[in-house]
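Work through the exercises below with the coordinates open. Each task is followed by a stepwise solution.

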Amino acid sequence: SDVEQVRAALGVTRLSALGVGDGATAVGMWARTHPGAVGRVVLDGPPDARLDEPDAAEARAAAAESAFDAFAAACAVEPTCPLGADPRGSVSAFVDRLRSQPITAADGRRLTAGMTVTAILTGLAEPAGWPDLAAALGQAQNGAPDALISGLVPLVTRGGGYDVALATACNDVQRRMTPGEVGELARRWRTTYPLFGATMAQRLLACGPWPTAAAPVVPDPGDELPPMLVIGTAHDPRGTLDNAHQVANETPGALFLS
């Protein structure tokens, strides 16, 4: 695995590591496979690796909706919230308007509904940045989308985060969804998960051309695996608290912190 290659390159007997989101899955698999090389390990927000598509995408949609509700509540209690007293209603109406009326920035870049949803998903991952996300959304609603668009630059530029996320997602799931199946999911999830459901469904199309691989065998490390800390967060857009708890329950000697 990549984690084992890092340990070998460093020339260390035991490796301590912090894995976040999908990275937690990789670190956890490495730890199970090489228990004798494990130092101190923290798995932050690991998804339930047993979930294949479309269940994994639905779990992400549910987690994103929960995170947005927390973001909206935090903004609404502030008298200067740029999104008003009903942030969810305000943002939902804005995204709907963008579907037919994208906004063009002064430099010619266009803000679309899809870009806005992606920017929100990116911004929700770190609560410390929620005020900046709210400010950027408020500015975009007033016709100045520059801050919201600029927040996506690290994601979509050459070598950016999108490529890494795509490779990880497509390599980690076994099922490929057809356009018809995705269309049906988008119709259903648009109601169940009104802000993020359709986007999560549509993202399933990205893995269509990728070949599938055999499901990884999760080794049983027995008593060799040192205790690991597994962290789950109530409003993490990367995955639900229940998923992280499930990972902790299935990891020998794990300690769970919520």
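**Exercise 1: the core around F71**

Task: list which residues F71 touches, not counting residues up to four places away in sequence.

Solution. F71 touches L83, L124, W130, L133, A134 and L137, where contact means heavy atoms within 4.5 Å. The model is predicted: local features need pLDDT of at least 70, side-chain atom pairs count only at pLDDT 80 or more, and totals for chains, interfaces and linings use all residues. Residues are numbered from 1 along each chain as its sequence is written, and side-chain values use heavy atoms, leaving out hydrogens and water.

Next, place F71 in its core. Together with F68, L124 and F196, F71 touches the most other members of the largest nonpolar core, which has 44 residues. Such a core is a set of buried Ala, Val, Leu, Ile, Met, Phe, Trp, Tyr and Cys residues joined through side-chain atoms within 4.5 Å; buried means under 20% relative accessible area, exposed over 50%, partly exposed in between (1.4 Å probe, protein chains only). Helices supplying at least two residues each include α3 (55–76), α5 (113–124) and α6 (130–141); helices (H or I, at least four residues) and strands (E, at least two) are DSSP runs, numbered from the N terminus. The largest share, 9 residues, comes from α3.

Finally, a second, separate core of 15 residues includes V3, A17, A24 and L43.

**Exercise 2: T116**

Task: decide whether T116 is buried or exposed, and find its contacts outside its neighbours within four places in sequence.

Solution. T116 lies in helix α5. Its relative accessible area is 0%, so T116 is buried. Beyond the neighbours within four places in sequence, T116 is in contact with F94, V95, L98, L111, L137 and L148.

**Exercise 3: the disulfides**

Task: find how many disulfides the whole structure holds and give the handedness of each.

Solution. A search of the whole structure finds 2 disulfides, a disulfide being a pair of cysteine sulfur atoms within 2.5 Å.

Take C75 and C81: their S to S distance is 2.0 Å, and with 100° about the S-S bond the link is right-handed. C75 is buried at 9% relative accessibility, and C81 is buried at 11%.

Then take C170 and C207, with sulfur atoms 2.1 Å apart. The torsion about their S-S bond is about -90°, so this disulfide is left-handed. C170 lies in helix α9 (residues 161–172) and C207 in the loop between α11 and β5 (229–231), so the pair ties together parts 37 residues apart in sequence. Both C170 and C207 are buried.

With bonded cysteines counted along the chain, the pattern is 1-2, 3-4.
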